[in-house]
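Got a minute for a quick tour of a fold? Here is a short briefing to read with the structure open beside you.

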Amino acid sequence: MSGESSFTWSFVGSHFDEVAVRHETSSRHLSPKAVDGWVDGQLTGLLTSSQSGIVADLGCGGGRASVAALRRGRRVLLVDASREMLRIASTRLAEFDKARWRIHHGDACEALEEADPEFDLVLMVGELLAYLPDPGRALRLARSRLHPSGTILGTYMRREVLVDRLKQDEIVADDGAALILRERRGSGLEPDLLAKAFSDSEMQRKLTDAGFRSYDLFSENASGRGGFVARPV
Ligand SMILES: C[S@@+](CC[C@H](N)C(=O)[O-])C[C@H]1O[C@@H](n2cnc3c(N)ncnc32)[C@H](O)[C@@H]1O
């Protein structure tokens with residue numbers, strides 16, 4: 001695949017450093033967009049359950065999902081590749097007891113490998129999977145760090161929709177299951193960011209291969225995004 005070297009977590013992090021303020025002042029989450037509404041509904045349901053364990057918010061960005069978890073009494077590990085995103089997250093979290101949240105700057109997979117506790121909820125919302133070199137590995141690691149009754153909630157970019165919307169020079173590769181797309185960077189001086197979109201059946205396969213036995217997918221056409229909620233049992 002051309003441009004594979006662009007996928008280091010620090011490269012992706014530097015891109016999100018540049019767009020952090022714009023990203024975080026846009027209206028994503030708790031917005032009427034179908035996939036965001038679905039995520040918010042799932043999150044509300046999962047966070048009002050009787051569980052009190054730790055939530056991992058991977059690719060947490062500005063920490064909106066973590067705020068929802070902290071408001072419901074959870075403890076949260078926030079992980080992101082972008083220092084600027086984490087700076088925004090820590091401002092947002094300032095109202096909560098610091099003993100209940102921890103921020104980790106780095107790669108989501110490395111954080112999962114190093115994680116001690118079992119999580120009862122792992123979040124990969126906001127298309128973290130699109131930016132990882134090996135999304136299947138991230139799902140396997142998340143599965144291995146989940147409490148047996150835990151849940152993973154995530155979103156992904158949908159190949160089915162995007163393949164017809166992108167211009168030819170925005171598509172780097174497409175094997176029918178996964179599409180690599182080019183996200184142009186403003187300055188034109190730096191390499192473009194590459195991102196991955198998955199077909200719904202490929203997303204299902206990845207979840208099954210990672211050891212998730214039950215899952216629901218949510219597919220949406222308007223934004224070209226989808227969501228999944230999956231459990232090991
Ligand atoms: C589109 S933003 C979504 C942020 C937030 N979850 C939300 O839904 O608003 C994707 C985030 O994933 C982070 N990210 C990308 N690759 C990463 C990696 N390998 N490890 C940790 N974070 C990563 C980016 O820095 C960025 O903040």
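What follows walks through the sheet, the helices packed on it and the ligand shell.

Keep in mind that this is a predicted model. The sheet to look for is an open one of 7 strands with mixed pairing. There is also a ligand, with 23 residues around it.

**The sheet and its edges**
- Going across the sheet, the strand order is E3-E2-E1-E4-E5-E10-E9.
- The edge strands are E3 (101-105) and E9 (214-219); each has a single partner strand, so one side of each is left without a neighbour in the sheet.
- On average, neighbouring strands of this sheet are turned by 10° against each other, direction ignored.
- At the E9 end, E9 pairs with E10 (residues 225-231) in the antiparallel sense, over 6 bridges.
- If you want a pair of residues to find there, take Leu217, whose bridge partner in E10 is Phe228.

**Around strand E4**
- How many of E4's residues are buried? The count is 6 of 6, so to speak of E4 as mostly covered fits the definition of 20 or more other C-beta atoms within 10 Å.
- E4 runs parallel to E1, and 4 bridges join the two.
- E4 also runs parallel to E5 (residues 146-157), this time with 5 bridges.
- Leu121 is a handy landmark in E4: it is the bridge partner of Val55, and it stands opposite Thr151 in E5.
- E4, helix H6 (residues 135-145) and E5 together make a β-α-β unit, and it is right-handed.

**Helices on the sheet**
- Helix H3 (residues 64-71) lies across four strands: E1 (54-58), E2 (75-80), E3 and E4 (119-124).
- The direction of H3 is at about 170° to E2.
- Helix H4 (residues 83-92) packs on the sheet too, where it touches E2 and E3.
- H4's direction makes about 165° with that of E3.

**The ligand shell**
- Which residues are closest to the ligand? They are Trp9, Phe16, Gly59, Gly61 and Gly126.
- Helix H1 (9-25) and strand E2 each supply at least two residues of the shell.
- H1 gives the most, with 4 residues.
- Sorted by class, the shell has 12 nonpolar, 6 polar and 5 charged residues.

Conventions:
Residues are numbered from 1 along each chain as its sequence is written. This is a predicted model: local features need pLDDT of at least 70, side-chain atom pairs count only at pLDDT 80 or more; totals for chains, interfaces and linings use all residues. Two strands pair if DSSP finds at least two bridges between them. Axes are lines fitted to C-alpha atoms, for helices over the stretch in contact, and angles run from 0 to 180 degrees between N-to-C directions. Two residues are in contact if their C-beta atoms, placed from the backbone, lie within 7 Å. A residue is near a molecule or strand if its C-beta atom, placed from the backbone, lies within 6 Å of it. Ala, Val, Leu, Ile, Met, Phe, Trp, Tyr, Cys and Pro count as nonpolar, Asp, Glu, Lys and Arg as charged, and the others, Gly among them, as polar. A residue is buried if 20 or more other C-beta atoms lie within 10 Å of its own, exposed if 12 or fewer, and partly exposed in between; C-beta atoms are placed from the backbone. A crossover is right-handed if, with the strands pointing away from the viewer, the path from the first strand over the helix to the second runs clockwise.
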